[in-house]
Amino acid sequence: MTTKPIRVVLVDDSRVFLDAIQSCLAEWAGVEIAACAESGAAGLNLIRRTRPDLVLMDVFMSNMNGLEASRLIERSAGLPKVMLMTSVDIPGLCAAAVDARADAFVLKQHLYSELAQHLELWFSPAAGRTT
């Protein structure tokens, strides 16, 4: 049985960060970058069009921040999973992410390890993913 790749949309207003995470994830087996956006509004459009399994989105962006965008993401059968991320640790931000319907919240400096754990939790065969 072939397992479909986990399709990811990346949303961050830093082109440098987008390029770095895209390069990193390109080396992960079973992960496919479906699209990248540099604002929450552009991310929402791409999410609607590409229907990813996972959205990695920065919290602090101009135009529409990640908290606002997360609230507006249409979910079907629990997907896409939404992981909000930030480079600054501000009290109350994790609770705000939960209120915005995010499935996870992570500091960018811990993204690599946290993402690996969440991919296993959300998308492994033990989690119910079969195709």
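In this short talk I will walk through the cores, one surface patch and a few unusual backbone positions of the structure above, which is a predicted model.

Let me begin with the inside. The largest nonpolar core holds 21 residues, and among these Val11, Val55, Met57, Leu67, Ile73, Val82 and Leu84 touch the most other members. Many elements contribute to this core: at least two residues come from each of the strands E1 (6–11), E2 (31–37), E3 (54–58) and E4 (81–86), and likewise from each of the helices H2 (40–50), H3 (66–72) and H4 (93–99). The largest share belongs to H2, which supplies three residues. There is also a second, separate core, made of 20 residues, and Trp28, Met85, Val106 and Leu115 are included in it.

To see one core member in its surroundings, look at Leu67, which, if we set aside its neighbours within four places in sequence, is in contact with Val59, Leu84, Leu93, Ala96, Ala97 and Ala100.

Now a residue that may catch your eye: is Lys108 buried or exposed? Lys108 sits in the loop between strand E5 (104–107) and helix H5 (111–123), and it counts as buried because its relative accessibility is 19%, where the cut-off for buried is under 20%. Beyond the neighbours within four places in sequence, Lys108 has contacts with Asp12, Phe17, Asp58, Met85, Thr86 and Ser87.

Turning to the surface, Phe60, Val88 and Ile90 make a nonpolar patch of about 230 Å². Of these, Val88 belongs to the loop between E4 and H4, and with a relative accessible area of 36% Val88 is partly exposed.

Finally, the backbone. As general background, most residues other than glycine have a negative phi, and most peptide bonds are trans. Which residues, then, are joined by a cis peptide bond here? They are Leu79 and Pro80, with omega at about 0°, and Pro80 is placed in the loop between H3 and E4.

Two arginines are also worth pointing out. Arg51, in the loop between H2 and E3, has a positive phi, near 50°, although it is a residue other than glycine, and at 62% relative accessibility Arg51 counts as exposed. Arg101, in the loop between H4 and E5, likewise is not a glycine and has a positive phi of about 70°, while its relative accessibility of 40% makes Arg101 partly exposed.

Key
Residues are numbered from 1 along each chain as its sequence is written. This is a predicted model: local features need pLDDT of at least 70, side-chain atom pairs count only at pLDDT 80 or more; totals for chains, interfaces and linings use all residues. Side-chain values use heavy atoms; hydrogens and water are left out. A nonpolar core is a set of buried Ala, Val, Leu, Ile, Met, Phe, Trp, Tyr and Cys residues joined through side-chain atoms within 4.5 Å. Buried means under 20% relative accessible area, exposed over 50%, partly exposed in between (1.4 Å probe, protein chains only). Helices (H or I, at least four residues) and strands (E, at least two) are DSSP runs, numbered from the N terminus. Contact means heavy atoms within 4.5 Å. Patches are made of residues with over 30% relative accessible area and no salt bridge: like charges are joined within 9 Å, nonpolar side chains (Val, Leu, Ile, Met, Phe, Trp, Tyr) within 5 Å. Accessible areas come from the Shrake-Rupley method with a 1.4 Å probe; for residues, only the protein chains shown count as cover. A salt bridge is a side-chain nitrogen of Lys or Arg within 4 Å of a carboxyl oxygen of Asp or Glu.
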